[in-house]
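Please find below a short note on the model under discussion. The points follow the sheet outward to the helices and the interior.

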Amino acid sequence: MDIVRRNNVTVTGNPQGRPVVLAHGFGCDQNMWRLTVPALAEDYRVVLFDYVGSGRSEPSAFQEDRYSSLDGYAGDVVEVCEALDLRDAVFVGHSVSAMTGVLAAGTAPERIGALVMVAPSPRYIDDDGYRGGFSADDIDELLASLEANYLGWSAAMAPLIMGNAERPELGEELKNSFCATDPEMARVFARTTFLSDSRDDLKKVAVPTLVLECSQDVIAPREVGAFVHRAIPGSTLVTLDATGHCPHLSAPEATNEAILKFLAALR
């Protein structure tokens, strides 16, 4: 299948600029980057896509065994980069996509030359000496609720994930994005996301990396951002003046400023 159609790949911005790949998180699609694209378009070649099972990707391409592991999503990222012949691209991944970027950069270092991790978490479940933000029971309950009533789960969880209760339109947008995702495909992606443990992969990152965290985030608390920063040699940690798990929507100016500063330093 044509990869461009499979992953609904779109390319915009400066054709001569360094490629910047924007990757969305669970339950979202490339439209979530609409407030970031204009900040990048003048100087960078901006690549957007939807993971299979999200947005306007090709539903028939979904394979549960492939997408039951982050390696499956990372494989799609590498294939998109190969199809467009991207080299030394900057991969900007939100939430679980930050870890997908880590895996893709390890697989195809000639394709991905830098990482921007927006609200990343290598493991959501607490462990000895590690705070991910959730107990194992919390995650079991979250997944059971999602699988029993996905639309109800979306309506309840989206405002909590987004934060910014004083701006309910943001939570509504995230809810609508969740609800537009096929429930069965969302079930697989959710299990892949919330049960993953990519902590060991962080130590292998060998490219310049920016870690962006929010001052308050129920999904990826600041202890997680600190862990990611410590684990990746030479990484830069920036705490945004933003709350919630989606700063590219709730605080786009601060998010874009941090990304652009990092990109400029790469030149």
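**Notes on the sheet, its packing and the nonpolar cores**

1. Strands S1 and S3 run antiparallel and are joined by four bridges. Within this pairing, Thr-12 has Val-46 of S3 as its bridge partner. It should be borne in mind that the model is a predicted one.

2. On the pairing of S3 with S2, the two strands are parallel and share five bridges. Here Pro-19 stands opposite Arg-45 of S3. Strand S3 is largely enclosed by the rest of the structure, because four of its five residues are buried.

3. These strands belong to an open sheet of seven strands with mixed pairing, in the order S1-S3-S2-S4-S5-S6-S7. Its edges are strand S1 (10-13) and strand S7 (236-243), each of which pairs on one side only. On average, neighbouring strands of the sheet are turned by 20° against each other, direction ignored.

4. Strand S5 (residues 112-118) merits separate mention: it is mostly covered, with seven of its seven residues buried. It pairs with strand S4 (residues 89-94) in the parallel sense over six bridges, and Val-92 has Val-116 of S5 as its bridge partner. Strand S5 is also joined to strand S6 (residues 209-216) by four bridges, and these two strands run parallel. In that pairing the partner of Val-118 is Leu-212 in S6.

5. Helix H12 (residues 252-266) packs on the sheet and touches strand S2 (18-23), strand S3 (44-48), S4, S5, S6 and S7. The direction of H12 makes about 160° with that of S6.

6. Which residues does Leu-263 touch, leaving aside those up to four places away in sequence? They are Val-20, Leu-40, Tyr-44 and Val-90. Leu-263 lies in helix H12. With a relative accessible area of 3%, Leu-263 falls under the 20% cut-off and is therefore buried. Leu-263 and Val-90 are 173 residues apart along the chain, yet their C-alpha atoms are separated by 8.2 Å.

7. A helix pair should also be considered. Two packed helices are described by the angle between their axes and the distance between the axes. For helix H5 (residues 136-148) and helix H8 (residues 183-194), the axes come within 10 Å and cross at roughly 170°. An angle over 145 degrees counts as roughly antiparallel, and H5 and H8 are therefore roughly antiparallel to each other. Helix H5 contributes Ile-139, Leu-142, Leu-143, Leu-146 and Glu-147 to the contact, while H8 contributes Ala-186, Arg-187, Ala-190, Arg-191 and Phe-194. By class, the residues of this contact are seven nonpolar, three charged and no polar.

8. The largest nonpolar core comprises 70 residues, and Phe-26, Met-117 and Leu-174 have the most contacts inside it. Not counting residues up to four places away in sequence, Phe-26 touches Val-96, Leu-146, Tyr-150, Trp-153, Phe-178, Ala-186, Phe-189, Ala-190 and Thr-193. Among these, Leu-146 of H5 and both Ala-186 and Ala-190 of H8 also take part in the contact between the two helices. A second, separate core has 23 residues, including Leu-22, Trp-33, Ala-242 and Ala-251.

Technical notes. Residues numbered from 1 in each chain as written. Predicted model: local features only at pLDDT ≥ 70, side-chain atom pairs only at ≥ 80, totals over all residues. Heavy atoms only, no water. Axes fitted to C-alpha atoms, helices over the stretch in contact; angles between N-to-C directions. Parallel < 35°, antiparallel > 145°, perpendicular 65-115°, else oblique. Contact = heavy atoms within 4.5 Å. Nonpolar A, V, L, I, M, F, W, Y, C, P; charged D, E, K, R; others polar. Core = buried A, V, L, I, M, F, W, Y, C linked by side-chain atoms within 4.5 Å. Buried < 20%, exposed > 50% of the residue type's maximum accessible area, 1.4 Å probe, protein only. Pairing = 2+ DSSP bridges.
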